[in-house]
Each structure stands twice: as structure tokens, then as C-alpha cells.
Amino acid sequence: MDAQEAIVANAGYHTQLLNTIAELEYVPSAKKHQASYIKDLEIQLAASQKRVVQLAEKTKKERKEHEALRDSTSRRFAHKLLGKKEKYEARESKEEREYVEALEREMTERDNQAVIQQLLDEAKRVMADLMQKGTLYESSQVELHALYGRVFDGPSEAFPEDDRLEYDLNAANKRHEQILESVNAESRAAELLARAVKAMDTCQQSMQEALGYSRYDMWGGGTMADMMERNALRDAQVNASQVEMLVDQARRISPAVQPVGRVNIAQGSIVAPRLTFGFPDKIKQSAAQVLLANQRLKGERDAARRRADAAGSQLMRAAETLDNCRSELANFRRATFESYAAQNPPPPSYDIVTSPSTSPTLASVVPTPTGPAFPTPDFSASHAMEVDTSSTPLSKSPGPEPFSPIGGHRMSEARPAEWGSSTC
């Protein structure tokens with residue numbers, strides 16, 4: 001089936017997909033807005049629940065104080081004896097009012113919580129409906145893309161413009177994938193180099209500690225200074241090895257990463273005695289190598305970051321070009337589909353042709369005569385004439401005149417046999 005036949009055969013399905021997509025085009029933005037709305041309601045509900053707990057505690061406290069004052073007969077009697085009845089009643093009224101106000105605030109907050117919960121439940125129901133519609137919208141988009149692929153993919157002699165747009169799309173997609181790979185490689189390399197810089201900073205710090213212990217050892221630091229010096233050098237060696245491993249990984253990922261050079265950390269022997277005035281120079285040389293390597297490493301890290309940023313900018317432009325190519329191809333295929341389907345409508349289906357409502361009948365085959373209708377007698381009062389048939393004899397209606405031939409000869413009338421015969 002070529003492209004034209006496929007367009008005609010799928011015209012109705014194509015229209016159905018377009019109508020579904022048009023009806024559900026609002027769903028993605030509505031889902032985003034509804035999700036934000038639900039999140040806001042959940043925050044409000046959590047805050048309201050917290051306030052309800054606090055207000056319930058406040059109400060419980062006020063109720064306890066009010067009941068204690070109200071039910072205290074001894075206090076009431078003591079104030080009455082001391083002549084402070086009014087003061088006691090005022091205090092009792094105050095406690096009652098505070099309890100009622102606390103209870104009202106709690107009930108109000110509980111009502112607010114119920115309203116928020118109701119709104120949240122409704123919002124979740126709406127979200128569930130939007131999720132179903134979103135699934136239908138996405139599946140319709142996928143089916144429409146698949147339909148265009150079945151109809152238009154590959155070379156098509158009838159639609160050369162589609163072939164050109166499809167070639168541009170493939171080229172843009174390939175370019176996008178290449179730039180994406182470059183972005184991933186440079187970003188990963190920059191991350192590894194950043195970790196290497198941290199390890200090298202630690203290595204440099206350990207070398208500075210080793211230098212300090214070495215100077216202290218020169219002035220008679222003893223065994224403790226030697227041990228601290230060896231620990232610092234060992235830490236520096238561990239970090240230097242880690243830096244070397246991370247740089248090698250970065251270079252395998254991105255060929256643009258340059259080597260930073262190998263760092264040789266001076267190591268002293270634990271068993272054999274060291275020359276105190278020679279080993280500090282080796283530590284200084286190692287510290288200088290670490291400093292230089294750290295500078296080169298930071299330069300490679302910054303360069304990798306710049307390459308990653310540049311590749312990211314290229315990726316954004318490539319993605320925009322790819323989206324434009326996709327949109328242009330989709331719009332062309334949609335316009336071509338609709339235009340060709342409108343100019344070449346599909347034949348009626350078998351069900352429509354064979355349905356009883358559309359089958360030809362005898363009335364539709366045999367033409368109806370168009371001549372004047374047979375006259376009907378008029379029995380109106382103006383034409384109704386009463387005739388007395390009892391007094392008027394019936395007379396023979398005049399018959400046709402006998403035919404007279406040329407020459408005066410006359411043919412005999414045809415009479416029944418009982419009438420007899422007659423001659424001219």
C-alpha cells in the first residue's frame with residue numbers, strides 16, 4: 001500500500017486522533033497546576049492539624065482550670081465568708097469565658113481542617129481524572145506519530161517534500177545525539193577532575209604537614225616527629241595515587257583532558273636510619289611537584305568545565321533545531337494528510353452500501369407518471385339535480401352513425417341473428 005492509499009484508508013482514524021488530541025490539549029498544563037494545588041493543600045492541612053493539636057491542649061487546660069474553680073465548694077464558701085463573693089464570681093466568669101473562647105477556636109480550626117480535607121479529596125479526584133486523560137492524550141500522540149511513520153516513513157515519490165523534511169530531521173537528531181554524548185563526557189570528566197582536585201588539595205596539605213614535622217625533627221623532635229612525618233607522607237602518597245587514578249579515568253572519558261604529570265612522594269624507611277639533613281630536601285621537592293601538579297590539575301578541571309558549558313549551549317541550540325524539525329515535519333504530514341484525504345474521500349463502507357435504508361426500492365426504480373390525475377366527479381349541491389326516473393322513460397342513447405362508403409353504397413348494419421336480416 002503506497003502513501004496515497006494509506007492516507008485514504010486511515011483518514012477517519014487520523015481525524016479521530018486529531019480530535020482527541022485537540023480536546024485533551026489542556027491536560028498537561030492542568031496536571032501541572034493541579035499538582036501544585038494539591039501540594040499547597042497538603043501543606044495547609046498539615047499546618048491546620050498542628051494548630052488543632054495545640055488548640056486542643058489549650059482547651060483542655062482551660063477546661064481543667066474552669067472546672068476546678070467551678071466545682072470548688074470550699075473556695076466559694078471561703079470567699080463568701082471573707083466578703084469576696086463578687087471577686088470570686090468575676091474570676092469564675094473569666095475562667096469560663098476563656099474556656100469557651102478556647103473551645104470556639106478549636107472548633108473553628110477543626111471546621112477549617114475539614115474544609116481543607118474536603119478540598120484536598122476533590123483535588124485528588126480531579127487529579128485522578130486528569131491522569132487518565134493524560135494517559136489517553138499521550139497514547140493518542142504516540143499513535144498519531146506511529147500512523148505518520150507507517151504512512152510517510154521511507155522514500156515517497158508522491159511527497160518529495162516529506163522526504164526532504166525527514167532527512168533534515170534525521171540529520172538534526174544525529175547532531176543532537178553527538179552533542180549530548182559530548183556533554184555527558186565533558187561533564188563526567190569535569191566531575192572526576194573536581195574530585196581529583198580535592199584529593200590533590202589534601203595531598204598538598206599533607207605535604208605541608210610533613211615539611212613542618214621535618215623541620216621539627218631537624219631540631220631534635222625525636223621519634224614522635226618521625227612518626228608524624230611518616231604518617232603525613234603516607235597520606236600524601238595515598239591521595240596522590242587517587243589523583244592519578246581519577247585523572248586516568250577522566251582522560252579515558254574525554255580525550256581533551258591533558259596529563260598533569262606523575263607526582264613522586266618522598267618516602268622514608270621505618271627500619272633504616274635516615275639522613276636528617278638530606279631527607280627534608282626530598283620532601284620539599286615532592287611538595288613542589290604536588291603544588292605544580294595541583295595547579296595544572298585545576299587548569300584541566302576549569303577547561304573541562306568550560307567545554308561542558310560550551311557543549312551544553314550547543315546542546316540547547318541542537319535541541320531547539322531538533323524540535324523545529326519535528327514540528328515542521330509533523331505539520332507538513334498533518335496538512336498533507338488532511339488535504340489529500342479531503343480531495344480523495346474514501347469509498348463508502350460495505351455496511352453503508354448494504355444497509356436497508358440505502359438499498360434501492362421499486363418506487364425509486366419505476367418512475368412515477370407525471371400526467372394529470374383522473375378527474376373525480378363533483379357531487380356538490382350546485383351540480384346535484386334530482387331526476388324523476390319513474391315518469392320519464394329511458395331512451396336509447398344515440399349510437400354512432402353507420403359508415404357510408406364513397407359512391408352512395410351503404411353497408412348493412414350488423415345486427416343480432418334474432419333481429420332478422422335486411423337488405424339495402
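A residue is called buried here when its relative accessible area is under 20%, exposed when that area is over 50%, and partly exposed in between. Keep that scale in mind for Ser 48, whose relative accessible area is 0%, so Ser 48 is buried. The model in front of you is a predicted one, and the values below are computed from it.

Let us start with the overall picture. The protein has 10 helices and 0 strands, and from the N terminus on its elements read α-α-α-α-α-α-α-α-α-α. Of its 424 residues, 28% count as buried. The exposed surface comes to about 29,700 Å², with carbon and sulfur atoms supplying 56% of it. If you take the contacts with a separation of 6 or more, 83% of them are accounted for by residues 24 or more positions apart.

Now back to Ser 48, which has its place in helix H3 (residues 27-70). What does Ser 48 touch, once its neighbours within four places in sequence are left aside? The contacts are Glu 109, Asn 112, Gln 113 and Ile 116. Those four belong to helix H5, which spans 85-152.

Helix H5 has its own residues to visit, and Ala 102 is one of them. With a relative accessible area of 1%, Ala 102 falls under the 20% limit and is therefore buried. Beyond its neighbours within four places in sequence, Ala 102 is in contact with Lys 58, Thr 59 and Glu 62. Take Lys 58: it is 44 residues from Ala 102 in sequence, and the two C-alpha atoms are 6.6 Å apart in space.

Further along, Arg 150 is also found in helix H5. Is Arg 150 buried or exposed? Its relative accessibility is 55%, so Arg 150 counts as exposed. Along the chain, Arg 150 and Ala 6 are 144 residues apart, yet their C-alpha atoms are separated by 8.4 Å.

From here we can move to the largest pocket, which has a volume of about 540 Å³. It is lined by 17 residues, and those closest to its centre are Gln 141, Leu 144, Tyr 148, Arg 326 and Ala 330. Which helices each supply at least two residues of this lining? They are helix H2 (11-23), helix H5 (85-152) and helix H8 (279-343). H8 gives the largest share, 7 residues. Sorted by class, the lining holds 9 nonpolar, 4 polar and 4 charged residues.

The second largest pocket has a volume of about 220 Å³. Among the 15 residues lining it, Glu 244, Val 260, Gly 261, Arg 262 and Val 263 are the closest to its centre. Helix H7 (residues 223-253) contributes the largest share of this lining, with 8 residues. By class, there are 7 nonpolar, 4 polar and 4 charged residues in the lining of the second largest pocket.

Helix H7 is also home to Ala 240. At 9% relative accessibility, Ala 240 counts as buried, because the value is under 20%. Arg 262, one of the residues closest to the centre of the second largest pocket, lies 22 residues from Ala 240 along the chain, with 8.6 Å between their C-alpha atoms. Apart from its neighbours within four places in sequence, Ala 240 is in contact with Cys 203 and Ile 265.

After H7 comes the loop between H7 and H8, where Ser 254 lies. Why does Ser 254 count as buried? Its relative accessible area is 1%, so Ser 254 sits under the 20% limit. Leaving out its neighbours within four places in sequence, Ser 254 is in contact with Ala 185, Glu 186, Ala 189 and Arg 307.

Finally, a word on the cysteines. Cys 203, the contact partner of Ala 240, has a relative accessible area of 0% and is therefore buried. Cys 325 has a relative accessibility of 13%, so Cys 325 counts as buried as well. A disulfide is a covalent bond between the sulfur atoms of two cysteines. With a cut-off of 2.5 Å between the sulfur atoms, the count for this model comes to 0 disulfides.

Technical notes: Residues numbered from 1 in each chain as written. Predicted model: local features only at pLDDT ≥ 70, side-chain atom pairs only at ≥ 80, totals over all residues. Heavy atoms only, no water. 1 Å grid on protein atoms, 1.4 Å probe; cavity = no way out; pocket = protein on both sides within 12 Å on 5 of 7 lines; lining within 4 Å. Points joined across faces, edges and corners; volume = space filled by probe spheres on them. Nonpolar A, V, L, I, M, F, W, Y, C, P; charged D, E, K, R; others polar. Buried < 20%, exposed > 50% of the residue type's maximum accessible area, 1.4 Å probe, protein only. Contact = heavy atoms within 4.5 Å. Areas by Shrake-Rupley, 256 points an atom, 1.4 Å probe, with all protein chains shown as cover.
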